[in-house]
Amino acid sequence: MAEYQFDVVVIGAGPGGYVAAIRAAQCGKRVAIVEKQKTLGGTCLNWGCIPSKALLDSSEHYHMAKTKFKTHGIDVSGLKVNLKQMMKRKEDVVETTTKGIEYLMKKNKIEVFKGTATFKDAHSIVVTGDTTTEVTGENFIIATGSSVTPLPTVKTNGKNIITSDEAISLKKVPKHMVVIGGGVIGVELGSVYARLGAKVTVIEFLDRLIPGMDKDCGKALQRSLSSHCDVEFHFKTKVTGATAKGNNVKVTAENSKGETLTFDADMVLVSIGRKPNTEHLGLANVGIDCDERGRIPINDHFQTKVPNIYAIGDVVRGIMLAHKASEEGNVCAEIIAGQQGHINYNAIPNVVYTWPEVASVGKTEDECKEAGIAYKSGKFPFKASGRARAAEESEGFVKVLSDKETDEIVGIHMVGPRAADMIAEGVLAIEYRASAEDVGMAIHPHPTFTEAIKEAALAATGNRPIHL
Ligand code: FAD
Ligand code: NAI
């Protein structure tokens, strides 16, 4: 429509927003994207997935050199951590990646506005940055993401009571880091500093680690983390306060027996979840109310109650993951361009990049029980895998859950080496509605870690794993 400057205006340049902008441009739309930060890429590229994985990789190399090289017949001396260089490499990776998004915007002729977007009405926003600009559009996609959920009893100070935003840029390795929340950020960033020599104490409200994932995964991960590093866990425990005095922080907590626990730390990481970003958007000006969890309500086509305003990613319902945000961006842009779009939310993989890695797709055993799905479970441990033994990486397992009647795979869960990459096979199996028999029949290369998936699938079809 010529009366508007753009066909599609995307608010927020994270993995949801920038993918939506590219796809809309590919579909022939005139597209603009608005971002309030100086760099593009959102949480994922600047403070989330990319920097945390850069640090996880570097710290794992160090830890491997320290703990496993000797067994492989490699003697090293003088091994030490150069945290400054580790952080510099991480920053270089982030810079190259965010610059790549700038390049993609130019390549796809997407106009970039730097500033905070506020709705004026359903077809216009005001962008406030170095200058103030009004931008009009036929359609808008809100992709403003999420930020750290604060813990009312623990006030962060950016110095020694911090969130993941600061934890990716520490200047020295803490002596004792208390991690509040044993979810994915807690175990990933806790692992980084534990590998580099910190004592890490994880305090988790629920009864296990990474409680959103299959029960067996949390247990196996806990075992691995406590055997490799100086990590201690307190479950069913609620943090009641944290007071910083100079370089020290005293953390108080209460366990399920009503006992008070105290911890002396030099760093406290608050990682109890994230909340949608909707402030400054001016949603009231277009009549959009958020739900009880602060999310923007949408229908199956990502439309808010204002039909030309769409929303995707962390700011809407569903799991807060980069690949979920990106796929929603992709499909939302196609819907706006008049195409059909669909996302199979059951086939979204979930990965925890500790070592061993944890990865899953589909339903957990608890979810199967809740949904009344009668299932069979086949499990194969990596200690029975030749490839795992050759790599000196025998911890963990693959578990395949399949429907008792039809044999259709309903969930795959794994803890082990390279699980993050291997889960893609599970995603395809669920997407194509494969049976455990299908995966068990597929020829997997030998020797690889993926053979454990085939064996677990055979176990799910009956008692047929070969190497167990
Ligand atoms: P975001 O990436 O949050 O982007 C939203 C953008 O909108 C931001 O750049 C923000 O500045 C901008 N914005 C907000 N309001 C306005 C406004 N009014 N005007 C203009 N711009 C605005 N996910 C994974 O899948 N894998 C991982 O390994 C992973 N690791 C993570 C590690 C950490 C430490 C954290 C914190 C998160 C991690 N995540 C990971 C989650 C992932 O980062 C998010 O799910 C993903 O970034 C969500 O994408 P999004 O596009 O919805 O929002
Ligand atoms: P999370 O939801 O994964 O974990 C938070 C944990 O804190 C939960 O286990 C919860 O029970 C616990 N908790 C809540 N309140 C508590 C309290 N008062 N005291 C003690 N424990 C408490 O959230 P997290 O780790 O902050 O990560 C946020 C989101 O970012 C994740 O849910 C995920 O969507 C995304 N993310 C994804 C990653 C990946 O894909 N590898 C990596 C990092 C983040």
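Mentor: Before we start, one definition: helices (H or I, at least four residues) and strands (E, at least two) are DSSP runs, numbered from the N terminus. Also, this is a predicted model.

Trainee: Got it. How many helices and strands are in the protein chain?

Mentor: The protein chain has 13 helices and 22 strands.

Trainee: And what box do the C-alpha atoms fill?

Mentor: Taken along the principal axes, it's roughly 70 × 60 × 45 Å. The radius of gyration is 24 Å, and a compact globule of 468 residues would come out near 23 Å, so the two agree.

Trainee: What percentage of the residues is buried?

Mentor: 53% of the 468 residues in the protein chain are buried.

Trainee: On to the ligands. Which residues are closest to ligand 1?

Mentor: Gly16, Glu35, Thr43, Lys53 and Ala322 are the closest, out of 38 residues that surround ligand 1.

Trainee: Which helices and strands each supply at least two residues of that shell?

Mentor: Helix H1 (15-26), helix H2 (42-46), helix H3 (49-67) and helix H8 (322-336) are among them, along with strand E2 (31-35) and strand E4 (116-121).

Trainee: How does the shell around ligand 1 break down by class?

Mentor: You get 16 nonpolar, 17 polar and five charged residues around ligand 1.

Trainee: What is 2.9 Å from an oxygen atom of ligand 1?

Mentor: That's an N or O atom in the side chain of Asp314. An oxygen atom of ligand 1 is also 3.3 Å from an N or O atom in the side chain of His323. On the backbone side, a polar atom of Met320 is 3.3 Å from an oxygen atom of ligand 1. As for burial, ligand 1 taken alone exposes 1,000 Å², and the protein buries 94% of that.

Trainee: Now ligand 2. Which residues come nearest there?

Mentor: Glu188, Glu204, Gly273, Met320 and Val351 come nearest, from the 21 residues around ligand 2.

Trainee: Which helix gives the largest share of that shell?

Mentor: Helix H6 (residues 184-195), with three residues. By class, the shell around ligand 2 has 13 nonpolar, four polar and four charged residues.

Trainee: Where does ligand 2 lie with respect to domain 1 and domain 2?

Mentor: Between them, because both domain 1 (6-147 + 275-343) and domain 2 (161-272) give residues to its shell.

Trainee: What about polar atoms: which side chain has an N or O atom 2.8 Å from a nitrogen atom of ligand 2?

Mentor: Glu188 does. A polar backbone atom of Phe205 is 3.2 Å from a nitrogen atom of ligand 2. Met320 turns up again here, with a backbone N or O atom 2.5 Å from an oxygen atom of ligand 2. On its own, ligand 2 has 830 Å² of accessible area, and the protein covers 78% of it.

Trainee: Changing topic: Lys90. Is Lys90 buried or exposed?

Mentor: Buried: its relative accessibility is 3%, and the cut-off for that class is under 20%. Lys90 lies in helix H4 (residues 83-107).

Trainee: Then what does the side chain of Lys90 reach at 2.9 Å?

Mentor: The backbone oxygen of Ile168. The side chain of Lys90 also makes a polar contact of 3.2 Å with the side chain of Ser169.

Trainee: Any odd backbone spots? Which residues does a cis peptide bond join?

Mentor: Trp355 and Pro356 are joined that way, with omega about 0°. Pro356 sits in the loop between strand E18 (350-352) and strand E19 (357-362). A cis peptide bond also joins His446 and Pro447, where omega is about -5°. Pro447 is in the loop between helix H12 (436-441) and helix H13 (451-461).

Trainee: And which residue has a positive phi of about 75° although it is not a glycine?

Mentor: Asp407. You'll find Asp407 in the loop between strand E21 (397-403) and strand E22 (409-416). Asp407 is buried, at 11% relative accessible area. Arg418 also has a positive phi, about 60°, and is not a glycine.

Trainee: Where does Arg418 lie?

Mentor: In the loop between E22 and helix H11 (419-431). Arg418 counts as partly exposed, with 43% relative accessibility.

Conventions: Residues are numbered from 1 along each chain as its sequence is written. Chains are lettered from A and ligands numbered from 1 in the order in which they are written. This is a predicted model: local features need pLDDT of at least 70, side-chain atom pairs count only at pLDDT 80 or more; totals for chains, interfaces and linings use all residues. Side-chain values use heavy atoms; hydrogens and water are left out. A residue is near a molecule or strand if one of its heavy atoms lies within 4 Å of it. A polar contact is a pair of N or O atoms within 3.5 Å; within protein, one must be able to donate a hydrogen and the other to accept it, and residues adjacent in sequence count only if both atoms are side-chain atoms. Accessible areas come from the Shrake-Rupley method with a 1.4 Å probe; for residues, only the protein chains shown count as cover. Ala, Val, Leu, Ile, Met, Phe, Trp, Tyr, Cys and Pro count as nonpolar, Asp, Glu, Lys and Arg as charged, and the others, Gly among them, as polar. Domain bounds come from an automatic or database domain assignment. The radius of gyration is taken over C-alpha atoms; the globule rule is 2.2 Å times the number of residues to the power 0.38. Buried means under 20% relative accessible area, exposed over 50%, partly exposed in between (1.4 Å probe, protein chains only).
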